[in-house]
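Here is a brisk report on helix packing and backbone geometry. Keep the structure open while reading.

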Amino acid sequence: MTEYLFYCRSGYEPDLLAELDDKLALRGHCGFANFQKDSAVLRYQLVSESSNTIRQRNSMIALSDLVFARQKCLVLLDVSFSDLTDRVFEILSALSTIDLQQIVFGDIRVEHADTESGKEMAKFCKKFTVPLRNALRAKNLLFKQPDKRAPYLHLFFESGEKCLLAISFAKDRSEDLLGVKRLKFPQDAPSRSTLKLEEAIQSFCTRAQQSMLFVNGMSAVDLGACPGGWTYQLVSRGIRTEAIDNGAMDEKLMQTGLVDYHSVDGFSYRPQQGHVDWLVCDMIEKPDRVALLMQTWLQNAWASAAIFNLKLPMKKRYKTLAPLMEQFHQLHQKESPAYITAKHLYHNRDEVTVMIIKNSQMLREFSN
Ligand SMILES: C[S@@+](CC[C@H](N)C(=O)[O-])C[C@H]1O[C@@H](n2cnc3c(N)ncnc32)[C@H](O)[C@@H]1O
């Protein structure tokens with residue numbers, strides 16, 4: 001049996017399900033989901049039975065293919081505790097019934113749902129991690145030091161009485177607990193929105209890619225820039241930014257000398273020198289209008305790459321997003337490829353963030 005465990009934002013379970021049904025069907029699979037409304041968790045069981053290895057069963061769909069999933073694991077076993085005084089022993093016993101195919105875990109994640117009721121388990125999960133780690137090490141099921149290249153064991157606690165054992169694999173998981181990237185708000189940033197762009201950069205690009213793609217001396221346009229949270233991220237990386245908005249920009253940002261402010265409509269603005277490295281856009285507008293604008297910039301090579309938000313309606317968010325993503329994929333052609341990725345980030349609300357890279361030199365950073 002192949003069953004996945006996904007985490008998402010509370011209330012987005014139907015969107016994740018629609019996305020899974022759609023994308024798994026394209027890969028020749030079908031299945032069904034088990035979730036409670038607003039639980040922030042979804043279990044998805046594939047109908048097609050497979051006797052493949054754990055690793056192969058995990059690979060039917062990748063976390064990076066999914067916009068609405070924060071974390072993806074393969075379910076190993078449900079555990080209901082009969083003895084609440086020794087859960088560690090019961091977990092070890094449960095693990096001994098699974099054919100782990102000689103897997104040694106690189107780390108563990110003891111987790112709960114990212115909901116108000118789920119958070120009540122947070123203290124327990126934290127306290128439980130150390131004794132479990134020690135017990136797993138004593139049984140040689142866990143490396144002595146954390147190893148990011150190895151599979152992780154996830155324990156998802158629904159309550160103190162029940163937990164789910166699951167496994168995640170390197171490069172196909174979020175390294176963050178609950179799949180949530182917690183970021184510290186920079187005190188001198190002009191708006192909390194700054195965290196959206198910071199999370200996008202950190203989620204979409206490795207550290208090595210960031211150091212090549214966001215470089216001192218580059219240029220950018222920020223559409224819908226005020227008061228300047230996104231411009232702040234660009235400027236703090238030494239990127240000269242044309243900030244476009246009718247509102248007022250943060251004074252301190254203007255004093256950096258790296259911001260060129262224009263009080264004009266973002267839909268008709270064109271870059272001053274005909275081209276910039278990065279286009280970023282956080283305008284609150286209809287998603288199809290923004291999508292078309294981004295495509296126009298990239299097709300005309302007014303920008304080498306773009307990061308932008310698409311605001312989504314309250315219902316049928318995946319249905320709204322899917323055709324727009326399909327349009328973006330038309331930017332990817334044999335002779336002129338593109339790298340396209342999108343995520344419903346932790347700092348997003350009813351919006352998703354998309355990154356598209358069109359420039360061939362920049363694309364090389366994503367080729368392996
Ligand atoms: C969510 S706020 C942007 C916040 C900004 N990213 C930050 O981090 O501070 C959206 C901004 O888009 C601007 N906006 C909306 N429509 C616009 C348009 N057609 N042209 C330029 N700016 C626009 C609004 O004035 C508003 O300041």
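Is Lys-171 buried or exposed? Lys-171 is exposed, because 9 other C-beta atoms lie within 10 Å. The cut-offs: a residue is buried if 20 or more other C-beta atoms lie within 10 Å of its own, exposed if 12 or fewer, and partly exposed in between, with C-beta atoms placed from the backbone.

This is a predicted model: local features need pLDDT of at least 70, side-chain atom pairs count only at pLDDT 80 or more, and totals for chains, interfaces and linings use all residues. Residues are numbered from 1 along each chain as its sequence is written.

**Backbone exceptions**

Most residues other than glycine have a negative phi, and most peptide bonds are trans. Some residues here depart from that pattern. Helices (H or I, at least four residues) and strands (E, at least two) are DSSP runs, numbered from the N terminus.

| Residue | Phi | Place |
|---|---|---|
| Ala-40 | near 65° | loop between E2 and E3 |
| Lys-171 | about 65° | loop between strand E7 (162–168) and helix H5 (194–204) |
| Ala-301 | about 55° | just after H9 |

Ala-40 is buried, with 24 other C-beta atoms within 10 Å. Lys-37 is also in the loop between strand E2 (31–34) and strand E3 (41–46). Lys-37 counts as exposed, with 8 C-beta neighbours inside 10 Å. Its C-alpha atom is 33 Å from that of Ala-150, 113 residues apart along the chain.

The peptide bond from Cys-226 to Pro-227 is cis, with omega near 5°. Pro-227 sits in the loop between strand E8 (219–223) and helix H7 (229–235).

**Helix H9**

H9 covers residues 287–299. Its 13 residues should span 18 Å at 1.5 Å a residue, and its end C-alpha atoms are 18 Å apart, which agrees. The expected span is 1.5 Å times one less than the number of residues.

Which residues of H9 are buried? They are Pro-287, Val-290, Ala-291, Leu-293, Met-294, Trp-297 and Leu-298. Seen down the axis of H9, these buried residues fall within an arc of 165°, so they line one face of the helix. The arc is that of the directions from the helix axis to the C-beta atoms. An α-helix has 3.6 residues a turn, so residues three or four places apart point the same way.

On the other side of H9, Arg-289, Thr-296 and Gln-299 are exposed. The cover over the buried residues of H9 includes strand E11 (276–281), strand E12 (303–311), H10 and strand E14 (351–357).

**Helix H10**

H10 also has 13 residues and reaches 19 Å from its first C-alpha to its last, close to the 18 Å expected at 1.5 Å a residue. Arg-317, Tyr-318, Leu-321 and Leu-324 are its buried residues. They cover an arc of only 135° around the axis, which puts them on the same side of H10. The face turned away from that side carries the exposed residues Pro-323 and Glu-326. The buried residues of H10 pack against helix H1 (13–26), H9, E12 and E14.

**How the helices pack**

H9 and H10 (residues 317–329) pack at an angle of about 10°, with their axes 10 Å apart. H9 and H10 are therefore roughly parallel to each other. Axes are lines fitted to C-alpha atoms, for helices over the stretch in contact, and angles run from 0 to 180 degrees between N-to-C directions. Angles under 35 degrees count as roughly parallel, over 145 as roughly antiparallel, 65 to 115 as roughly perpendicular and the rest as oblique.

In H9, Pro-287, Asp-288, Ala-291 and Gln-295 meet Thr-320, Leu-324, Gln-327 and Phe-328 of H10. The residues of this contact divide into four nonpolar, three polar and one charged. Contact requires C-beta atoms, placed from the backbone, within 7 Å. Ala, Val, Leu, Ile, Met, Phe, Trp, Tyr, Cys and Pro count as nonpolar, Asp, Glu, Lys and Arg as charged, and the others, Gly among them, as polar.

What about H1 and H10? Their axes come within 8 Å and cross at roughly 45°. That makes H1 oblique to H10. Asp-15, Ala-18, Glu-19 and Asp-22 in H1 meet Arg-317, Tyr-318, Lys-319 and Ala-322 in H10. This contact divides into three nonpolar, no polar and five charged residues.

How values were computed: Contact = placed C-beta atoms within 7 Å.
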